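Hi there,

Here is the structure I promised to send over. Have a look at it first, and my notes on its charged pairs follow below.

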Amino acid sequence: MGRVYNFSAGPAVLPEEVLREAAEEMMDYRGTGMSVMEMSHRTGTFQHIIEEAEKDLRELMGIPENYRVLFLQGGASQQFAMIPMNLMKHKVADYIVTGQWAKKAYQEAQKYGTARKIASSEDKTFSYIPDCQDLDISPDADYVYICENNTIYGTKFKELPNTKGKPLVADISSCFLSEPVDVSKYALLYGGVQKNIGPAGMVIVIIREDLITEEVLPGTPTMLTYKTHADAGSLYNTPNAYCIYICGKVFKWLKSMGGLEEMKKRNEEKAKLLYDFLDNSRLFKGTVVAHDRSLMNVPFVTGDKDLDEKFVKAAADAGLVNLKGHRSVGGMRASIYNAMPKKGVEALVDFMKKFEEENV
């Protein structure tokens, strides 16, 4: 059937150029006579791959020198524990709960100290971002935590919370590299790469150096200590070598496309196409407050579960796949990450128009 338009929330669409390049190098990476999949992480060749990937990511995001970049395993979910283990020195942290993943992080943090829920949008099924400019932040808080883009619910912080001087920790999994970011506003930001950057199985942590210490909570495993990985240049143990290699290719692709300013422009164009259609549709409607809409994840419904199912199936038959909403909310969701071309969103809107005509 050829390539489909893959609207999955993650693992998700990757740039075709990157896939082609990786395919060409699959049997023989640059004259080594082997694939990167087979290569020892202790070789000079792999050292170059990981160093180049970090250098390109630093350039793309403008990461200041006093921040470390860590390529870690365990996915974003392991960070729910790793963050309090390493940062909860006074055993207090404040959480802003705007979706399923922030809620899970908040629940996990309760195992390590006092996690306080200082704001939430659960009252309206996480369909908006609460006002975070004057929150009741604990004077003892070690950090304030947010999930910046909520993959399941399609909301995004357009302004970062006022943390009143406390370190800001952010899960940026589903908006990673989708637009320019001022890294200096965060103490730590991290993201699973399987949404907007690479294959599944890795998380990238960008952490300010002063937060990397040996003072961690008692019982913290060696492998879950940031210092372990920072001191070893992300090579303490065998890393997810092939994933780092593909991420490095995606960073090069982003640079060739014009960097994060250009990606933001393209992402805004794609999202506008879809949101404009939803706002004027007689059948479909978006589920998020307009101001808080994500550029990456667009949930929508018809209001009829059977019709939603019919739409998802018909769309898949037409080569528009993985449009079913998350099991916790139902409906539909189109994830339109960096690698989703504009023509993919145009094809989706055209299909929705046709479906609407046939079903209203």
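**Salt bridges**

Asp317 is exposed, at 57% relative accessibility (exposed means over 50% relative accessible area, buried under 20% and partly exposed in between, with a 1.4 Å probe and protein chains only). Its partner Lys313 is exposed too, with a relative accessible area of 56%. The two form a salt bridge with their closest N and O atoms 3.3 Å apart; the term stands for a side-chain nitrogen of Lys or Arg within 4 Å of a carboxyl oxygen of Asp or Glu. Both residues sit in helix α8 (residues 305-317), four residues apart, or about one turn of the helix. Elsewhere, Glu52, Lys55, Asp56, Glu59, Lys252 and Lys255 are joined into one network by salt bridges that share partners.

A word on the source: this is a predicted model, where local features need pLDDT of at least 70 and side-chain atom pairs count only at pLDDT 80 or more, while totals for chains, interfaces and linings use all residues. Residues are numbered from 1 along each chain as its sequence is written, and side-chain values use heavy atoms, leaving out hydrogens and water.

By the salt-bridge rule, the count is 30. Another of these pairs is Lys103 with Glu122, at 2.8 Å from N to O. Lys103 is partly exposed at 24% relative accessibility, and Glu122 is partly exposed at 32%.

Lys111 also meets Glu108 in a salt bridge, at 3.3 Å from N to O. Here Lys111 is exposed at 60% relative accessibility, whereas Glu108 is partly exposed at 22%.

Best wishes

Note on methods. Helix = DSSP H or I, 4+ residues; strand = E, 2+ residues; numbered from the N terminus.
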